[in-house]
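Work through the exercises below with the model open. Try each task before you read its solution.

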Amino acid sequence: MSPVGARPRRRAELAAFLRGRRARVTPADVGMPPGPRRRTPGLRREEVAQLSGVGVTWYTWLEQGRPINASAQVLDAVARTLRLDRAEREHLYHLAEVPCAPRYEAAAETVGQEIQGIIDALDPHPAVIYNARYDVLATNPAYRDLFVIPEIEAIGVPNVLWSLFVVPERYCPVVFRDSELPVMVATLRGAYGRHVGEPAWEKFVRDLSAASPHFARLWASGDVIPPGPRVKTFRHAAVGELRMTSVSLSVNGMPECRIVAYTPDDEETGHRVLRLRELRRAERAPG
């Protein structure tokens with residue numbers, strides 16, 4: 001179906017979706033008295049409009065699927081009134097053809113045992129789960145072998161950008177900082193566009209800019225790129241340099257989060273990755 005032909009179908013779906021969500025919210029849910037002779041199973045249209053701070057006619061047209069424009073702010077207000085969860089809110093945005101996604105301040109996610117098991121199974125290849133802000137949500141042993149060094153642990157911030165920009169350069173595990181760090185900042189900038197104005201994101205950028213003039217300069221450039229596969233070179237004190245291909249994989253149920261897995265780019269790196277695992281086992285062996 002062409003985009004033009006899909007538009008009426010999308011509006012009809014939007015109308016049905018709003019009516020269904022409105023029917024399940026009772027006056028008591030939003031602190032309103034039920035009132036006499038109520039025949040509507042949930043809220044009335046005028047009640048949704050009033051609680052959302054929009055005009056009754058505008059909301060009626062929206063629920064009827066008429067071709068009207070809706071801003072992100074207005075849709076957020078309607079979503080709050082209808083008590084939509086995250087998935088429902090995103091669905092509302094898609095149906096209303098609003099380009100910007102709903103804005104959530106909470107960046108951290110809980111990683112379930114199933115997802116942790118997946119990245120653990122990738123050992124001896126390093127794997128990590130990042131959110132859009134590069135917070136480190138979960139790692140496997142091989143990732144910790146490569147990146148978790150005392151100088152990075154001392155920073156006390158579970159975020160890879162803080163680790164790379166604040167740790168002294170001589171301790172940084174990334175070899176080609178001049179080419180790799182700008183890419184990471186440009187990837188962060190791409191994600192930031194969906195969170196402009198959110199206190200958590202603004203504080204993160206402000207604090208890291210204050211801690212690292214290098215980050216501040218790269219951030220000021222305004223460059224934007226999406227995440228993607230790359231060949232990166234890392235150094236490890238025990239085994240030397242490692243050329244690794246990084247691949248990003250999305251995670252169902254964790255919006256804006258991704259698994260980043262690293263695989264050897266050459267045979268020598270493969271041997272060194274296995275050597276790292278052997279060293280880890282030797283350190284943990286009893287006696």
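The exercises below cover a sheet, the helices lying across it, a helix pair and a single helix; the model is predicted.

**Exercise 1. Lay out the sheet.**
Task: Find the order of the five strands in the open sheet, and name the edge strands.

Solution:
- Step 1. Read across the sheet: the order is S2-S1-S5-S4-S3, with antiparallel pairing.
- Step 2. Look for strands that pair on one side only: these are S2 (136–139) and S3 (230–236), the edge strands.
- Step 3. Check the turn between neighbours: it averages 30°, direction ignored.

**Exercise 2. Follow strand S5.**
Task: Which residues are the bridge partners of Tyr130 and Ser250 in S5?

Solution:
- Step 1. Take the S1 side. S1 (residues 127–130) and S5 (residues 258–264) are antiparallel and share four bridges.
- Step 2. Locate the partners there. Tyr130 bridges to Arg258 of S5, and Ala127 faces Ala261 of S5.
- Step 3. Take the S4 side. S4 and S5 are also antiparallel, with seven bridges.
- Step 4. Locate Ser250: its bridge partner in S5 is Arg258.
- Step 5. Judge the cover. Five of the seven residues of S5 are buried, so the strand is mostly covered, buried being under 20% relative accessible area.

**Exercise 3. Place the helices on the sheet.**
Task: Which strands does H6 lie across, and which does H13 lie across?

Solution:
- Step 1. Trace H6 (residues 113–121): it lies across S1, S2 and S5, at about 55° to S2.
- Step 2. Trace H13 (residues 267–284): it lies across S3, S4 (240–250) and S5, at about 90° to S4.

**Exercise 4. Classify a helix pair.**
Task: Are H11 and H12 parallel or oblique to each other?

Solution:
- Step 1. Compare the axes. Those of H11 (residues 199–211) and H12 (residues 213–221) come within 5 Å and cross at roughly 125°.
- Step 2. Classify the angle. H11 and H12 are therefore oblique to each other.
- Step 3. List the contact. H11 supplies Val205, Leu208, Ser209 and Ala211; H12 supplies Pro213, Phe215, Ala216 and Trp219.
- Step 4. Sort by class: seven residues are nonpolar, one is polar and none is charged.

**Exercise 5. Inspect helix H4.**
Task: How many of the ten residues of H4 are buried, and which are they?

Solution:
- Step 1. Count over residues 72–81: seven of ten are buried, so H4 is mostly covered, with buried meaning under 20% relative accessible area.
- Step 2. Name them: Ala72, Leu75, Asp76, Ala77, Val78, Ala79 and Thr81.
- Step 3. Look past the helix. Arg83 follows H4 and has a positive phi, near 60°.

Note on methods: Residues numbered from 1 in each chain as written. Predicted model: local features only at pLDDT ≥ 70, side-chain atom pairs only at ≥ 80, totals over all residues. Heavy atoms only, no water. Buried < 20%, exposed > 50% of the residue type's maximum accessible area, 1.4 Å probe, protein only. Helix = DSSP H or I, 4+ residues; strand = E, 2+ residues; numbered from the N terminus. Pairing = 2+ DSSP bridges. Axes fitted to C-alpha atoms, helices over the stretch in contact; angles between N-to-C directions. Contact = heavy atoms within 4.5 Å. Parallel < 35°, antiparallel > 145°, perpendicular 65-115°, else oblique. Nonpolar A, V, L, I, M, F, W, Y, C, P; charged D, E, K, R; others polar.
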